[in-house]
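Grab a pencil and open the viewer. Let's work through a few exercises on one protein chain, each with a solution you can follow step by step.

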Amino acid sequence: MACIKAVNRSAQVALAPDAPYMAAGTMSGAVDPSFSSSANLEIFKLDFQIDDREIPVVGECPTSERFNRIAWGKNGSSSDDFSLGLIAGGLVDGHIDLWNPLNLIRTVSSEQALIVHLSRHKGPVRGLEFNAIAPNLLASGADDGEICIWDLLAPAQPSHCPPLKGSGSATQGEISFLSWNCKVPHILASTSYNGTTVVWDLKKQKPVISFADSVRRRCSVLQWHPDVATQLVVASDKDDSPTLRLWDMRNIMSPVKEFVGHTKGVIAMAWCPSESSYLLTCAKDNRTICWDTVTGEIVCELPASTNWNFDVHWYPKIPGVISASSFDGKIGLYNIEGCSRYGVDEVDFGAVSLRAPKWYKRPVGASFGFGGKVVSFRPRMGTSSSEVFVHNLAAEESLVSRSSEFESAIQNGERSLLRVLCEKKSQESESQQDRETWGFLKVMFEDDGTARTKLLMHLGFSPPAEEKDTVQDDPSRSVNDITLEEKVGYEKEATLFAADNGEDFFNNLPSPKADTPVATSENNFHVESTVSRTDLAPQESYGLEESSDPSFDDAVQRALVVGDYKGAVAQCIAANKMADALVIAHVGGTSLWESTCDQFLKMSHSSHLKVVSAMVNNDLMSLVNRRPLKLWKETLALLCTFAQREEWNVLCDTLASKLMASDNTLAATLCYICAGNIDKTVEVWSRCLTTEHDGKSYVDLLQDLMEKTIVLALATGQKRYSSSLCKLVEKYAEILASQGLLTTAMEYLKLLESDEQSPELVILKDRITLSTEPEKETKSMAFDNSHLASGSVFEPTYIRCFVFGIYFISDTEWSSIIVVML
């Protein structure tokens, strides 16, 4: 919406140069809706941060007459009592009144607010303006054709020079407007209704230049160019000559340029103080136009009101905001960006060449580029050109330092150095979890022959010194390889019973003695010892234990007599005499021994015998699945001792999964490390990135994670990873690249060997590659960009910022534009 503030007044307007205020004096000749003839001076507070369209009045006082012109000047007295400057009013009776706006805002009496009543002119005062460079000077002109210069250094007691009045060709009638030169403080221009424009030199106290149109048209308003001290624009309020004419005082034979657009006479004009190419005019054709004085085209046009605008101004504090007073009794504040583009509709947008205004230009600026680069520009002292710098910027100093240190530690990939790194990280870690993790990673870099032994020791178990090598050479040695003599301490290799058909046994039986009772039952028999009792030493003598179940003994002996070892073992198992069964089975041969051991282990409820059972049956997976998870260290130690190389990873991975299911995260992570499962390990580690952990920032946590991940990858030699891990490495590489560590970032990306790479990863690799390649000369560039090293400078003659992504540059400007591509 173009109109952002409005107030219902028919008034001449002056905007405060250094404060958000607007002064409004009742316009002479305007008819009030109530047909009142009163005159007032009001001050409005301008606050563009609130949505209320109404402008509040903060001070007012009645005046003796209505206003033909009103001006607001800066504080030229250097007194705090005039901190808001002075307001001057050119009244219809020829008087000039001065007010202190600060007193008006403080709501003191109108007598105190009115400083002085100046009487010099005859007729309405239409020329009135403060000097912007020397704010104590006020110029005024009226119908008498005289120009007065008032010195307001002491506002209550002003002084003035002798009135300036031209003669000959410089003779002016009714002064319609006057304007101070924007560059030279002692130069003043005035124009009149007789068509004569005069340039005055106050040092010489006389006119130095005068000129008039060939048609001697009536002149209503003029304005000095804000930047070019020798140029001014003059307009006429005659309907038959509504054009604007730009004159250069170095050649007044003909105007430099004409601006054609209005169809009736021009009433008021204001040159933009922030953009010298913008000129605002209003005319009796009910149009208010913003001109581009460089191209002569119309930039935009204010919405038409029901009646003419007779006074326009640029708001000095906010570029692009203008005020317009109309004869329909309204003062409106407009945003020029919201006004319609002249000659441009929705179908034909862009038909008119547009120029970005100077208030969009930035004197200094900076922008971040890829790879930790920052480009900045600033004006070069003493010239109109700018300097452009390219800097290296590392926002995360700790990340750069840690990453560089870690990179140097793993650069050679030597296992001994990596082992030292893990040891150092373990000692430096503050949390127990990190110490355990780095301790396990350290074990991963032990020599192949001692890795499992070191792991056992790390878990708190010490393997026997004598059997260490044997167990290490064949950790899955079965219980069958250990003989019974080794288990019970026998040194003899002879067996208790010969494995024959029983014939030798009967042939070697001794003859019964006379006093030996003959067996009375075929199921009971007695074997006489062949050794005399007197031949036995007391410590070696033994007697046959009387069984509590004679039938069991008889059945076993009968089976043994006939060599039925299998039946004897069955009798022992049925009687729950497993020790007897194992001894008899050992004599009965390998097959019987193995089946009996298996039966024994199945029947046993002892935890250590469950371990033996797994060893005998080579079924470590059942051991992993059945042992209590609280004994995970012992389970891992058993796997370390007995697992074959080919089943080690699967067993450790299974144990880790069970621990993970029971929320024992640390134990699960350590088992995943032993299994070499990088994806699962990193998945668990990554959980700390989503929550605050030990007060560390996201970047520090990511650095910790990547250090452990890379060390684990080097330990396992794995090259292919899951998509989630690839995304994590990609994110880390992107952060490294943003800190200027491009080479390091690329090294991490090279770890990701995948047939299918995400588009983001491909783009990141390409950008890093292009940024690290040597700079190449290109014909399309206006300069050699190899000079854009850190701290380097080049000097483009002009730099503008972009507005909404589009910047319109005329053909004449291309020669002075340098495009920087980072």
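Below are six exercises, going from the whole chain down to single residues.

This is a predicted model, where local features need pLDDT of at least 70, side-chain atom pairs count only at pLDDT 80 or more, and totals for chains, interfaces and linings use all residues. Residues are numbered from 1 along each chain as its sequence is written, and side-chain values use heavy atoms, with hydrogens and water left out.

**Exercise 1. Take stock of the whole chain.**

Step 1: Start with the secondary structure. There are 23 helices and 33 strands in the chain; these are DSSP runs numbered from the N terminus, helices being H or I of at least four residues and strands E of at least two.

Step 2: Check burial. Of the 822 residues, 45% are buried, where buried means under 20% relative accessible area, exposed over 50%, and partly exposed in between (1.4 Å probe, protein chains only).

Step 3: Look at the surface. The accessible area is about 43300 Å², with carbon and sulfur atoms contributing 51% of that; the Shrake-Rupley method with a 1.4 Å probe gives these areas, and for residues only the protein chains shown count as cover.

Step 4: Look at contacts, meaning heavy atoms within 4.5 Å. Of those between residues at least 6 apart in sequence, 52% join residues at least 24 apart.

**Exercise 2. Work out how β10, β11, β12 and β13 are arranged.**

Step 1: Get the order. The four strands make an open sheet running β10-β11-β12-β13, with antiparallel pairing. Two strands pair if DSSP finds at least two bridges between them.

Step 2: Find the edges. β10 (125-130) and β13 (159-160) each have a single partner strand, so one side of each has no neighbour in the sheet.

Step 3: Zoom in on the middle. β11 (residues 137-142) and β12 (residues 147-151) are joined by 5 bridges, and Leu138 sits opposite Trp150 in β12.

Step 4: Compare with the record. An unreviewed UniProt entry carries the annotation "repeat: WD" for residues 118-152 and 259-301; positions are in the numbering used here, feature names are shortened, and annotations may be inferred rather than shown by experiment. Residues 118-152 are 0% helix and 54% strand, and their end C-alpha atoms are 11 Å apart.

**Exercise 3. Is Val312 buried or exposed, and what does it touch?**

Step 1: Place the residue. Val312 is in strand β26 (residues 309-314).

Step 2: Apply the cut-off. Val312 counts as buried because its relative accessibility is 1%.

Step 3: List its contacts. Leaving out residues up to four places away in sequence, Val312 touches Ala268, Met269, Ala270, Leu280, Cys282, Thr288, Ser323 and Ala324.

Step 4: Look further along the chain. Gln12 is 300 residues away from Val312 in sequence, yet their C-alpha atoms are separated by 9.0 Å.

**Exercise 4. Find the buried face of helix α19.**

Step 1: Pick out the buried residues. In α19 (residues 678-685) they are Ile678, Thr681, Val682, Val684 and Trp685.

Step 2: Look around the axis. These residues cover an arc of only 155°, which puts them on the same side of α19; the arc is that of the directions from the helix axis to the C-beta atoms.

Step 3: See what covers them. The cover includes α5 (432-444), α17 (645-661), α18 (665-675), α20 (698-716) and α21 (723-738).

**Exercise 5. Check two positive phi values.**

Step 1: Recall the background. Most residues other than glycine have a negative phi.

Step 2: Take Gln205. Its phi is positive, about 55°, although it is not a glycine. Gln205 lies in the loop between β16 (196-201) and β17 (206-212) and is partly exposed at 33%.

Step 3: Take Asn286. Phi is near 65° here, in the loop between β23 (278-283) and β24 (288-292).

**Exercise 6. Describe the surroundings of Ser305.**

Step 1: Locate Ser305: the loop between β25 (297-301) and β26.

Step 2: Find its contacts. Beyond neighbours within four places in sequence, Ser305 contacts Asn286, Ser326 and Asp328. Ser305 and Asn286 are 19 residues apart in sequence and 7.1 Å apart, C-alpha to C-alpha.

Step 3: Check the side chain. A polar atom of the Ser305 side chain lies 2.4 Å from the backbone oxygen of Asn307.

Conventions:
A polar contact is a pair of N or O atoms within 3.5 Å; within protein, one must be able to donate a hydrogen and the other to accept it, and residues adjacent in sequence count only if both atoms are side-chain atoms.
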